[in-house]
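Student: I'd like to go through the labels people put on a model and ask what earns each one. Can we take a few in turn?

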Amino acid sequence: MADDSGSLEGFESFPRPRWIELGCGAGDGWAAPALAGAVATGEPVAPDEVLDVYVPLARWISDRLAPGPGPRSATAVIGVTGSVAVGKSTTARVLRGLLERAPSRPTVDLLATDGFLFPNQMLVERGILDRKGFPESYDHRAMVRALEAIRHGQAEVTVPVYSHRDYDVVPGAVQRIRRPELLVVEGLTVLQGAPGARIEEDHGLRSLVDLAVYVDAAEEDVARWHIERLAALRAEGSGEPSDFQRWFSSLSDTEAHRVAVSSWSEINLVNLRRHVAPTRPLADVIIHKGPDHRVLRVLLRRDRPLRGAPVPSGTRSGPRRPG
């Protein structure tokens, strides 16, 4: 797939230097160095990347979804999607860390849709283990029910948990979500409709997302990151290895590399092209990464400009997508 993210129809493209310029000088405490250090944990994100790219993005999101005066009746949902291995979970984690430190100090939680994958044994029974991550490998109804309950203010919603280390849903493990003001939802399916629905039909999770971020990169870069991630998992030596790690580590270097390459080309690339990339134009923000994971440019929908950014002629800032 050609990289056309710099000229996607309906979006205004901001190369990194311009994005940094637009995001500077607010004087509202968002860009404090301590803030970058507080969220640049886990999978490393350089503090300058947080300040230059993610702080302006978090401010932009906060401006549009911050609660008004009085009690809030529903949770606002920020979706983060993109390919396997592109860095969705890192982006979601950094955004959560920034948003909960916004001047209004909203309560923020994070939900990964991978928890709604059917367990591996069920995928095997259905003959679709090699389609893991495709729409049919998720319990779509359970995902929608859970997100609806969270949006509508249910006191507590429990959701299943997925382990990338075990490569499976964790039996009996749940995450408890208790009425956050903002919810960051991360996963492949965030802007997809119900399985089998046409892309233009407003069904499924995307009808419950108030604002969506698509994390983008060239296919060859994502392929390399996927292979490197599997190699790192194979080399990981801490703790009791999962069944998947044990099997993967038993392979020779050549066999392991072949498995990683084929899992990308025969599964994840196919899923990206068929189901994930077609949702990119539905996003409100696209962040495009270069080969080193650093963001090269940010694209905004023309009807949702950055504060301080010029509004293209013939457009105006639109209302928040109805929930």
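Student: Which helix does Asn-268 lie in?

Tutor: Asn-268 sits in helix α9, residues 253-276. Keep in mind that this is a predicted model.

Student: Why is Asn-268 called buried?

Tutor: Its relative accessible area is 11%, and buried means under 20%, so Asn-268 gets that label. Beyond its neighbours within four places in sequence, Asn-268 is in contact with Val-84, His-226 and Ser-263.

Student: What makes Arg-16 and Glu-49 a salt bridge?

Tutor: Their side chains meet at 2.8 Å, N to O, and the cut-off is within 4 Å, so the pair qualifies. Arg-16 is in helix α1 and Glu-49 in helix α3, 33 residues apart.

Student: Are Arg-16 and Glu-49 buried or exposed?

Tutor: Buried: Arg-16 has 14% relative accessibility and Glu-49 has 4%, against a limit of under 20%. Both also belong to a salt-bridge network with Asp-48, Asp-52 and Arg-294.

Student: Why is Glu-21 called exposed, and what is Arg-18?

Tutor: Exposed means over 50%; Glu-21 comes out at 53%, so it passes. Arg-18 has 31%, which falls between the two limits, so Arg-18 is partly exposed. Their side chains form a salt bridge at 3.1 Å, N to O.

Student: How do you know that Glu-12 and Arg-302 tie together distant parts?

Tutor: Glu-12 lies in strand β1 and Arg-302 in the segment after β9, so their salt bridge joins parts 290 residues apart in sequence. The N to O distance is 3.4 Å.

Note on methods:
Residues numbered from 1 in each chain as written. Predicted model: local features only at pLDDT ≥ 70, side-chain atom pairs only at ≥ 80, totals over all residues. Heavy atoms only, no water. Helix = DSSP H or I, 4+ residues; strand = E, 2+ residues; numbered from the N terminus. Buried < 20%, exposed > 50% of the residue type's maximum accessible area, 1.4 Å probe, protein only. Contact = heavy atoms within 4.5 Å.
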